[in-house]
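Let's walk through this structure together, from the overall fold down to individual side-chain contacts. Keep the viewer open as you read.

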Amino acid sequence: MAVEIIMPKLGMSMSEGTIVEWLKKENEEVKKGDPVVSISSDKLEKELEAPEDGIIQYAAKEDDVIAVGEAIGYVGTKGEEITKKDTQANGAYEEAGAALESPVEEDHKETKNKQEAFTSPSRRVRISPAAKKLAKTKGVDIETVQGSASRPDNKRRCK
């Protein structure tokens, strides 16, 4: 029986989330705990893990906006035809969906992201999900935008 990957509630006001990127290809084998999809709300972006071992199948595409509690994908056995009635809700996401990551984990991720930005051969742009969505709708390439903090004429004044 296939297990649903549910759009979690990442905050009190979150009613829907956006699929940013599938990290595994459809029909690819996954292990429990493997990151499979990156989702975002207005305030943050998070990777969801595979709830079970099996084969991943998509229920939604990248850039789809999905309501909290709805299935965005499934993990089942090879060759299994998945229908809504054949699935079992993933209780781990439902129980932990409203809980945000701890501040210690956030600090660790932020430090790791900073390290990746300095060691990565390509420039990584740090941008909030809301700003990324706005840039996409306005047709702005975030790779070419220069932030005000990085301009040479932006001098800090201390009193």
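A residue counts as buried when its relative accessible area is under 20%, as exposed when that area is over 50%, and as partly exposed in between. On that scale, 28% of the 159 residues of the protein chain are buried. Please keep in mind that you are looking at a predicted model.

Let's begin with the fold. The protein chain holds 3 helices and 8 strands. If you follow the sequence from its start, the elements come in the order β-β-β-β-β-β-β-β-α-α-α.

Now to the aromatic side chains. How many aromatic pairs does a search of the whole structure find? The search turns up 1. Its members are Trp 22 and Tyr 58, whose ring centres lie 4.2 Å apart with the planes at 20 degrees. Planes under 30 degrees apart count as stacked, so this pair is stacked. The contact connects distant parts of the chain, since Trp 22 belongs to strand β2 (residues 16-22) and Tyr 58 to strand β6, 36 residues apart. Is Trp 22 buried or exposed? With a relative accessible area of 8%, Trp 22 is buried. Tyr 58, at 26% relative accessibility, is partly exposed.

While you are at Trp 22, have a look at Pro 35 as well. The C-alpha atoms of Pro 35 and Trp 22 are 9.1 Å apart in space, and the two residues are 13 apart in sequence. Pro 35 sits in strand β4 (residues 35-40), and its relative accessibility of 35% makes it partly exposed.

Next come the charged side chains. A salt bridge here requires a side-chain nitrogen of Lys or Arg within 4 Å of a carboxyl oxygen of Asp or Glu, and the count by this rule is 3. One of them joins Glu 29 and Lys 31, with an N to O distance of 3.9 Å. Glu 29 is exposed, at a relative accessible area of 55%, whereas Lys 31 is partly exposed at 45%.

Another salt bridge brings Glu 45 together with Lys 132, and their closest N and O atoms are 3.2 Å apart. This pair ties together distant parts of the chain: Glu 45 is in strand β5 and Lys 132 in helix α3 (residues 129-138), 87 residues apart. Both partners are partly exposed, Glu 45 with a relative accessible area of 37% and Lys 132 with 31%.

Helix α3 also takes part in the salt bridge between Asp 63 and Lys 136, where N and O are 2.8 Å apart. Here too the pair links distant parts of the chain, with Asp 63 in the loop between β6 (54-58) and β7 (65-67) and Lys 136 in helix α3, 73 residues apart. Asp 63 is partly exposed, with a relative accessible area of 45%; Lys 136 is exposed, at 55%.

Let's finish on the surface. Which residues gather in a patch of negative charge there? They are Glu 21, Glu 47, Glu 49 and Glu 62. Patch members need over 30% relative accessible area and no salt bridge. Glu 47, for instance, has a relative accessible area of 45% and so is partly exposed. You will find Glu 47 in strand β5 (residues 45-49), the strand that also holds Glu 45 of the salt bridge with Lys 132.

Definitions and conventions
Residues numbered from 1 in each chain as written. Predicted model: local features only at pLDDT ≥ 70, side-chain atom pairs only at ≥ 80, totals over all residues. Heavy atoms only, no water. Patch = residues over 30% accessible without salt bridge, like charges linked within 9 Å, V, L, I, M, F, W, Y side chains within 5 Å. Areas by Shrake-Rupley, 256 points an atom, 1.4 Å probe, with all protein chains shown as cover. Lys, Arg positive; Asp, Glu negative; His and termini not counted. Charge placed at Lys NZ, Arg CZ, Asp CG, Glu CD. Helix = DSSP H or I, 4+ residues; strand = E, 2+ residues; numbered from the N terminus. Buried < 20%, exposed > 50% of the residue type's maximum accessible area, 1.4 Å probe, protein only. Phe/Tyr/Trp six-rings, centres within 6.5 Å; stacked < 30°, edge-to-face > 60°.
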